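Work through the exercises below with the model open beside you. Try each task before you read its solution.

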Amino acid sequence: QNSSNSMSIANLSTVAKQALERKYFRKDGFRVVYPYYCQIETHAKGVWVGKTLREAFSSHFGTPEGYWEKRVEKGGLRINGMNHPGILDKKIDPKDYIIHKFHQHEKAVTDKPVKILMQTPDFVVLDKPSSIPVHPVMQYNYNSLIEIAKWELGLPQIFNCHRIDRLTSGLVISGTSSENAKKVTSKISNNQSLKKEYLARVVGRFPDEITCEEPLFFSKTARPRLLTRVDPNGKFAKTIFTRLDYDPKTDSSIVRCVPVTGRTHQIRVHLRHLNHPIINDPLYNAEFENYWYKGDIWENSPRTHMSDGIEELLEEDCEQCA
């Protein structure tokens, strides 16, 4: 998959050009990316094969009704070079090549700075705030740790040795080359000289120490709720928990969490299973969900098109620009 900013800036004003070049602005505690044009080129994914282009893309991207018809009309969707209304009803073949051009509005993240805690010729250790994903994904490209390190910290290319959840804050070790990164990844994966530990504030008085070995099943069809669940048919998972402190005023505990295995959302799901979910977990704490959760914790972040009055960066047919 290839993603790039395909917007021609030749006819933009100097102010608009400078906005795109600096990528970000800050507002109300958020780091926001200016809207930009993006082009994704990809071969057909296995889960799309046999479905119509409309069915596959509507399901994969969660787009509103009529969206793909508009993209075809505007020339923003092509399959094997073809662009006409009939392509939406074409059943996807494994050899198909698809191009999607669109106006990208990334989700905002916290404007807390990403800090370099240690740097050598081979490695760099970054302090990642909550809300920032480690790797670029569709709604967080420039607002990913790798891209922020490039544009704001002057680290042109880093290779992450491991990952932590988007909503988790903590240290991320990155190599300055893929070979350096593989060395660290191997040590973490094989439980050698490096291991990961987490601190979590959880609901209630947690036991002094407990090991949870409940198997976990990851479901891609459960989005956006409960992606991972305890399931006897799931994969083996093991987490060691130790209570460090308990606060009776808030009825919450600080718990050290040591994952022996590395399943998706392992710590969060094991804590939920033990009836001590992380206090502000929007996925696995039902009470926090009822109070805050509306699809995404950062859903109400400022719109990129509302900043600086740069109307040239808006698109007439973009729903988010409306």
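**Exercise 1. Find the strand order, the pairing and the edges of the open sheet of 4 strands.**

Step 1. The order is E12-E17-E16-E13, and the pairing is antiparallel. Strands (E, at least two residues) and helices (H or I, at least four) are DSSP runs, numbered from the N terminus. Two strands pair if DSSP finds at least two bridges between them.

Step 2. Now the edges. E12 and strand E13 (209-212) each have a single partner strand, so one side of each has no neighbour in the sheet.

Step 3. From one strand to the next, the twist averages 30 degrees. Axes here are lines fitted to C-alpha atoms, for helices over the stretch in contact, and angles run from 0 to 180 degrees between N-to-C directions.

Step 4. Take the pair E16 and E17. Strand E16 (residues 239-247) runs antiparallel to E17, with 8 bridges between them. Thr 242 has Arg 256 in E17 as its bridge partner.

Before going on, note the basis. This is a predicted model, in which local features need pLDDT of at least 70 and side-chain atom pairs count only at pLDDT 80 or more, while totals for chains, interfaces and linings use all residues. Residues are numbered from 1 along each chain as its sequence is written, and side-chain values use heavy atoms, with hydrogens and water left out.

**Exercise 2. Which residues other than glycine have a positive phi, and are they buried or exposed?**

Step 1. Asp 251 has a positive phi of about 50 degrees, yet is not a glycine. Asp 251 sits in the loop between E16 and E17.

Step 2. Check its accessibility. Asp 251 is partly exposed, at 36% relative accessibility. The classes are buried (under 20% relative accessible area), exposed (over 50%) and partly exposed in between, with a 1.4 Å probe and protein chains only.

Step 3. Asn 275 also has a positive phi, near 65 degrees. Its loop lies between H6 and helix H7 (286-291). With a relative accessible area of 62%, Asn 275 is exposed.

**Exercise 3. Describe the second largest pocket: its volume, its centre and its lining.**

Step 1. The pocket holds about 1,400 Å³ of space. A pocket is defined on a 1 Å grid over the protein atoms alone: an open set of points where a 1.4 Å probe fits, with protein on both sides within 12 Å along at least five of seven lines. Grid points are joined across faces, edges and corners, and the volume is the space filled by probe spheres set on the points.

Step 2. The lining has 45 residues; closest to the centre are Ile 164, Asp 165, Thr 168, Tyr 198 and Ile 267. A lining residue has an atom within 4 Å of a point.

Step 3. Assign the lining to elements. Strand E11 (170-175), helix H5 (178-189), strand E12 (198-203), strand E17 (252-259) and helix H6 (266-273) each give at least two residues. E12 supplies the largest share, 4 residues.

Step 4. Sort by residue type. The lining has 20 nonpolar, 15 polar and 10 charged residues. Nonpolar covers Ala, Val, Leu, Ile, Met, Phe, Trp, Tyr, Cys and Pro; charged covers Asp, Glu, Lys and Arg; the others, Gly among them, are polar.

**Exercise 4. How many disulfides does the structure hold?**

Step 1. Apply the criterion: a pair of cysteine sulfur atoms within 2.5 Å. The count is 0.

Step 2. Look at two cysteines. Cys 161 is buried at 5% relative accessibility. Cys 212 is buried too, at 4%.

**Exercise 5. Trace the strand pairs before E10 in the chain.**Step 1. An open sheet of 3 strands has the order E2-E3-E7, with antiparallel pairing. Strand E2 (24-27) and strand E7 (109-110) are its edges, each with a single partner strand.

Step 2. E2 and strand E3 (residues 30-33) share 4 bridges. Phe 25 stands opposite Val 32 in E3.

Step 3. Strand E4 (residues 36-43) runs antiparallel to E6, joined by 8 bridges. Tyr 36 has Gln 104 in E6 as its bridge partner.

Step 4. E5 and E6 pair in the antiparallel sense over 3 bridges. Ile 79 is matched with Ile 98 in E6.

Step 5. Strand E8 (residues 115-119) and strand E9 (residues 123-128) are antiparallel, with 4 bridges. They form a hairpin with 3 residues between them. Gln 119 stands opposite Val 124 in E9.
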